[in-house]
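Here are a few exercises to work through with the model open in your viewer. Try each task before you read its solution.

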Amino acid sequence: MQIFQFTDFSKLDLVRLPSPCYVVDEVAVERNLGILRQVADASGAKVLAALKAFSCWRLGDLTARYLHGSCASGLHEARLGHEYYRGPDQSGEVHVFGAGYHEADLREILQIAHHVVFNSCAQWVRFRSLCLAAQRARPALRFGLRINPEHSEGDVPIYDPCAPGSRLGIPRSQLDVSTLEGISGLHFHTLCEHDFPPLQRTLAAVEEKFGDLLPQMEWVNFGGGHHITRPGYQIDDLVACIRDFASRYAVQVYLEPGEAVAIGTGVLVTEVLDLTWNALDQAILDCSATCHMPDTLEMPYRPELMGAGEAGELGHSYRLGGLTCLAGDVIGDYSFPAPLQIGQRLVFRDMAHYTMVKTSTFNGTRLPAIVLWNSATDTLETVREFGYEDFRTRLS
């Protein structure tokens with residue numbers, strides 16, 4: 001995993017922070033949002049914030065000033081988008097894709113969503129009458145199908161929606177064109193932390209397999225995984241591609257970046273609780289890989305740590321582990337220029353996206369506080385701290 005760090009978090013006074021905590025620089029978030037808005041304005045695409053990656057709704061009003069709305073993976077994210085990401089004038093759109101819908105959830109979604117995307121022709125046929133009745137009451141409501149172009153760009157199978165046997169999206173062999181009544185758009189998602197060329201190759205596959213259907217559509221959603229805001233992304237190529245595609249098929253193009261909203265904007269601050277030894281020096285932190293940064297185990301990847309190097313690179317190496325009982329709750333091996341001290345604060349970089357949205361309270365582990373930092377004015381706001389009640393109320 002590449003790390004794109006824009007904000008100089010070395011200027012952050014760690015003593016002023018609770019531990020553990022996520023710190024999000026609102027200046028950096030606004031910078032990313034500004035880039036995404038420039039892409040939208042230049043290309044004609046509508047850009048949505050993917051809440052599955054970053055749903056710090058305290059920044060919903062800020063997001064709504066730049067983007068066209070939010071996209072959700074189910075009812076609760078849809079409600080969050082409806083309540084916090086639509087802006088003061090309520091113009092922000094709410095788009096929902098679900099791998100499968102409960103009827104009760106779908107009924108609620110149909111009251112607040114603008115686009116609802118189905119993962120199979122069978123689910124669409126099952127709920128079509130319900131959807132079209134909702135559309136008569138809310139004429140702006142639109143429905144789509146998620147297609148699977150069977151073109152894989154992902155490096156990690158667990159995050160590859162087009163891996164063989166994927167449950168996400170309809171392969172062309174399974175798309176029954178007789179069921180398209182009421183469908184106005186197609187959605188595909190194949191990318192994960194990618195630049196423009198993988199999208200270009202994906203579009204070629206989409207046009208090859210589904211090109212005959214595109215002239216019938218009003219809109220096409222290119223999904224997420226676009227790393228638009230990272231340095232070096234080919235923005236001009238993306239803009240030209242969107243303009244060409246939209247012109248040729250007379251469709252509205254949508255993009256759903258998630259990480260691009262939050263890359264380079266946040267860190268996870270943690271504290272050394274204990275120093276131990278078993279075959280090598282180890283440090284126990286007050287955070288947890290499994291509870292607070294699960295992608296380090298799922299992808300897996302080694303998160304970047306401010307002031308540290310690879311094991312053996314600097315004078316003092318440690319294995320950094322979490323405080324849970326899981327034997328594998330290990331973040332990685334790092335080296336430091338001086339021995340670690342109990343009570344010392346450490347800062348893991350690029351921890352805004354796919355972290356807060358994935359936290360758990362396994363072992364009753366305390367969730368990290370959420371802090372907003374304005375790097376321009378050096379002001380801090382502790383938005384939320386968590387405790388026993390947050391653990392207890394998840395259970396019964």
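The exercises below use a predicted model, and they go from the barrel to its helices and then to two single residues.

**Exercise 1. Find out which strands make up the barrel and how β9 is held on either side.**

Solution. Start with the strand order: eight strands form a closed barrel, running β2-β3-β4-β5-β6-β7-β8-β9 with parallel pairing. On average, neighbouring strands of this sheet are turned by 25° against each other, direction ignored.

Next, look at where β2 (residues 46-50) meets β9 (residues 252-255): the two pair in the parallel sense over two bridges. Lys-46 has Tyr-254 as its bridge partner, and Val-47 has Leu-255.

Now turn to β8, which pairs with β9 in the parallel sense over three bridges. Here Trp-219 stands opposite Gln-252. As a reminder, strands of a sheet pair through backbone hydrogen bonds.

**Exercise 2. Work out which strands α5 and α7 lie across, and at what angles they run.**

Solution. Take α5 (residues 121-137) to begin with. This helix lies across β5 (115-118) and β6 (142-146), and runs at about 170° to β6. Then do the same for α7: this helix lies across β8 (219-221) and β9, running at about 145° to β9.

**Exercise 3. Describe the contact of α1 with α7: geometry, handedness and residues.**

Solution. Geometry comes in first. The axes of α1 (residues 26-43) and α7 (residues 235-249) come within 9 Å and cross at roughly 40°. The crossing of α1 and α7 is right-handed.

Then list the residues. From α1 come Ile-35, Val-39, Ala-42 and Ser-43, and they meet Ile-235, Leu-238, Val-239, Ile-242 and Arg-243 of α7. Sorted by type, the residues of this contact are seven nonpolar, one polar and one charged. The spacing along each helix is worth a look too: an α-helix has 3.6 residues a turn, so residues three or four places apart point the same way.

**Exercise 4. Check the length of α6 against the expected span, then say what its buried residues pack against.**

Solution. Helix α6 (residues 196-210) has 15 residues. From first C-alpha to last, α6 reaches 21 Å, close to the 21 Å expected at 1.5 Å a residue.

For the second part, pick out the buried residues of α6: Phe-196, Pro-198, Leu-199, Thr-202, Leu-203, Ala-205, Val-206 and Phe-210. The buried residues of α6 pack against α7.

**Exercise 5. Decide whether Thr-265 and Arg-243 are buried, partly exposed or exposed, and look up what each touches.**

Solution. Thr-265 sits in the loop between α8 (259-262) and β10 (266-277). Its relative accessible area is 0%, so Thr-265 is buried. Leaving aside residues up to four places away in sequence, Thr-265 touches Phe-9, Val-23, Val-24, Asp-25, Ala-28, Val-29, Arg-31, Asn-32, Asp-350 and Ala-352.

Arg-243 lies in helix α7. Its relative accessibility is 49%, so Arg-243 counts as partly exposed; the cut-off for exposed is over 50%. With residues up to four places away in sequence again not counted, Arg-243 touches Ala-42 and Ser-43. One last distance to check: Arg-243 and Val-253 are ten residues apart in sequence and 8.8 Å apart in space, C-alpha to C-alpha.

Key: Residues are numbered from 1 along each chain as its sequence is written. This is a predicted model: local features need pLDDT of at least 70, side-chain atom pairs count only at pLDDT 80 or more; totals for chains, interfaces and linings use all residues. Side-chain values use heavy atoms; hydrogens and water are left out. Axes are lines fitted to C-alpha atoms, for helices over the stretch in contact, and angles run from 0 to 180 degrees between N-to-C directions. Helices (H or I, at least four residues) and strands (E, at least two) are DSSP runs, numbered from the N terminus. A crossing is left-handed if the near helix is turned anticlockwise from the far one by less than a right angle, and right-handed if clockwise. Contact means heavy atoms within 4.5 Å. Ala, Val, Leu, Ile, Met, Phe, Trp, Tyr, Cys and Pro count as nonpolar, Asp, Glu, Lys and Arg as charged, and the others, Gly among them, as polar. The expected span of a helix is 1.5 Å times one less than its number of residues. Buried means under 20% relative accessible area, exposed over 50%, partly exposed in between (1.4 Å probe, protein chains only). Two strands pair if DSSP finds at least two bridges between them.
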